[in-house]
Every structure is written in structure tokens, then in C-alpha cells.
Amino acid sequence: VKRMHIAFVEMVDAEMKVLLDLGADWHPNLLRYQGKDQDDNFVYLASDLCATTLHTMVEKPSFNPFLPDYSVSDESMQMLREVATGIEFLHSLGVVHCDIKPRNILLTADNQVKVSDMGLSKKLEEEETSFTFSTNAPSGDGGWAPSEVLLCKRKTMKVDIFAMGVLIYFVLSKGSHPFGNIFKRNGNIVDGVFELDKVKHL
């Protein structure tokens, strides 16, 4: 169950609307929400049961009792393929996730990927190829968003493609980030300064 403060109810409703708009169109690599409830303080979303996040699996594998020790293996490559497949499916329906990062990639006990947390996602209208945010705009904090997000420019599906590339590096390098430490990432993204040394041997 995902719990969010009542102040974020607008974001929760936006997420539920995107999911409901998918209707019969669904994909095994998207997290399915089963129901919603709320009280005076919190909103609760019931979803598929997952064991961990990709962030926890990569950075703290010893804390995860469900999954084997993390390594760059056929298994980790399959997980990345499943993330990409989930994103590709959303894009085929005109949906831009806008918040792809390791903490929003969930894993079931049998290692199936579930792309989650679509509260910032954007449904493009027919013939629309770019967009802006009127509310609930992603901040870009953490280094998972491209320069057009950081500079508040019009955005396209490339927002997710950029995040997917950074995610691939994060997994294959066992937790490193191509744009450096968290204090320099946003500046490096805007300036186009990156380092790929930790995956050059692969």
C-alpha cells in the first residue's frame, strides 16, 4: 500500500486518471493499482505486491531478503529490458512518465519489473509532440531529468529516454551516476558534462 499525505491528493488523482485512461490497455511491466482510500490525513493506494525497488537492489543488496546478490548479469540486463519495454508501451499510448528513477522501478519477488509512480505523467493529445506543466511539474532533483526539465523548457518523450539512459548506467556501474555526485548533477546535466568510465569495460 502506498501512503501519501492528503496535501498530494491532486497528484494521486492525476496518477489514477492516467491509469484509468489506459483502460484495457495494460502491460505486465506497469504497476497495477487495485484501489484507493483516504482519511483526514492520508491517501492510500493499494497495488501489486512488490519486494523491493531497483534503487535498494543496486545500492543495498545485502538488505534485500527476497532477491539474489546483485551483479551485472543476464538477470540485470533482463530487468533493464523490462523497464524499457514498460516505457515503450506508455509512449505507444502517448503517455510520458516524467519521473523515471530507480526508486520508482519496483521488483516483485520473482524479479519482474513494475514501473510505478505516475503522478507526474503527461498524456499527449493527438498530434501533440511536446508539452509543458501547468501544475505538479517535476523538480529534476537527483539527476534523473534532462536539461529541458531543469530549465523549464518544453518537453517531449525524450524526458523518459534520458532517464532510461541514466538508469542503465546506474545499474551497470552498480550505483554510480554519469553526471557525478548529487551536488553537481543538475549543473553537469545542463552543461553536458558526464563520465562513462565505469562501464567502458563492458
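Visitor: Leaving aside its neighbours within four places in sequence, which residues is Leu54 in contact with?
Guide: Bear in mind that this is a predicted model. Contact here means heavy atoms within 4.5 Å. With neighbours within four places in sequence set aside, the partners of Leu54 are Pro102, Ile105, Leu107, Leu167, Phe170 and Val171.

Visitor: Which residues touch the most other members of the largest nonpolar core?
Guide: That core holds 48 residues. Leu54 is one of the two that touch the most other members, and it is also in contact with the other one. The two are Leu54 and Leu167.

Visitor: And which element gives the most to this core?
Guide: Several elements give two or more residues, among them helix H1 (9-22), strand S3 (42-47), helix H2 (54-59) and H3. Strand S5 (95-96), S6, S7 and H5 also belong on that list. The one that gives the most, with eight residues, is H5.

Visitor: Let's do the rings. How are Trp144 and Phe170 arranged, stacked or edge-to-face?
Guide: The structure holds four aromatic pairs. In this one the ring centres are 5.7 Å apart and the planes stand at 85 degrees. Planes over 60 degrees apart count as edge-to-face, so the pair of Trp144 and Phe170 is edge-to-face.

Visitor: How many residues apart are Trp144 and Phe170 in the chain?
Guide: Trp144 sits in the loop between strand S8 (122-123) and helix H4 (147-150). Phe170 belongs to helix H5 (residues 158-172). The pair links distant parts of the chain, and the separation is 26 residues.

Visitor: Is Phe170 buried or exposed?
Guide: The cut-off for buried is under 20% relative accessible area. Its ring partner Trp144 has 13%, so Trp144 counts as buried. Phe170 has a relative accessible area of 3%, so it is buried.

Visitor: Which residues do ring pairs link into a cluster?
Guide: Rings pair if their centres lie within 6.5 Å. Pairs of this kind build a cluster out of Phe162, Phe179 and Phe194.

Visitor: Now the sheet with S4, S6 and S7. Which are its edge strands?
Guide: This is an open sheet of three strands in the order S4-S6-S7, with antiparallel pairing. An edge strand here pairs on one side only. The edges are strand S4 (52-53) and strand S7 (113-115).

Visitor: Which residue in S6 stands opposite Thr52?
Guide: S4 and strand S6 (residues 105-107) run antiparallel and are joined by two bridges. Thr52 faces a residue of S6 that is also in contact with Leu54. Its opposite number is Leu107.

Visitor: What angle does helix H3 make with S7?
Guide: Helix H3 (residues 74-92) packs on this sheet, where it touches S6 and S7. Its direction and that of S7 make an angle of about 30 degrees.

Visitor: With which side chain does the side chain of Thr108 make a polar contact?
Guide: Thr108 is in the loop between S6 and S7. Its relative accessibility is 9%, so it counts as buried. At 2.3 Å, its side chain makes a polar contact with the side chain of Asp110.

Visitor: Which backbone oxygen does the side chain of Ser121 reach?
Guide: Ser121 lies in the loop between S7 and S8, and with a relative accessible area of 13% it is buried. Beyond four places in sequence, it touches Val18, Val95, Val96, His97 and Cys98. Its side chain reaches, at 2.7 Å, the backbone oxygen of Met118.

Visitor: How far is Ser121 from Val96, C-alpha to C-alpha?
Guide: In sequence the two are 25 residues apart. In space they also touch, and their C-alpha distance is 5.5 Å.

Visitor: On to the other sheet. What does the twist average from one strand to the next?
Guide: Here the order is S1-S3-S2, again an open antiparallel sheet. Strand S1 (2-5) and strand S2 (33-38) are the edges. From one strand to the next, the twist averages 20 degrees.

Visitor: What is the bridge partner of Tyr33 in S3?
Guide: S2 and S3 form a hairpin with three residues between them, and five bridges join the two. Gly35 stands opposite Ala46. For Tyr33, the partner is Ser47.

Note on methods. Residues are numbered from 1 along each chain as its sequence is written. This is a predicted model: local features need pLDDT of at least 70, side-chain atom pairs count only at pLDDT 80 or more; totals for chains, interfaces and linings use all residues. Side-chain values use heavy atoms; hydrogens and water are left out. Rings of Phe, Tyr and Trp (its six-membered ring) pair if their centres lie within 6.5 Å; planes under 30 degrees apart count as stacked, over 60 as edge-to-face and the rest as tilted. Helices (H or I, at least four residues) and strands (E, at least two) are DSSP runs, numbered from the N terminus. Buried means under 20% relative accessible area, exposed over 50%, partly exposed in between (1.4 Å probe, protein chains only). Two strands pair if DSSP finds at least two bridges between them. Axes are lines fitted to C-alpha atoms, for helices over the stretch in contact, and angles run from 0 to 180 degrees between N-to-C directions. A polar contact is a pair of N or O atoms within 3.5 Å; within protein, one must be able to donate a hydrogen and the other to accept it, and residues adjacent in sequence count only if both atoms are side-chain atoms. A nonpolar core is a set of buried Ala, Val, Leu, Ile, Met, Phe, Trp, Tyr and Cys residues joined through side-chain atoms within 4.5 Å.
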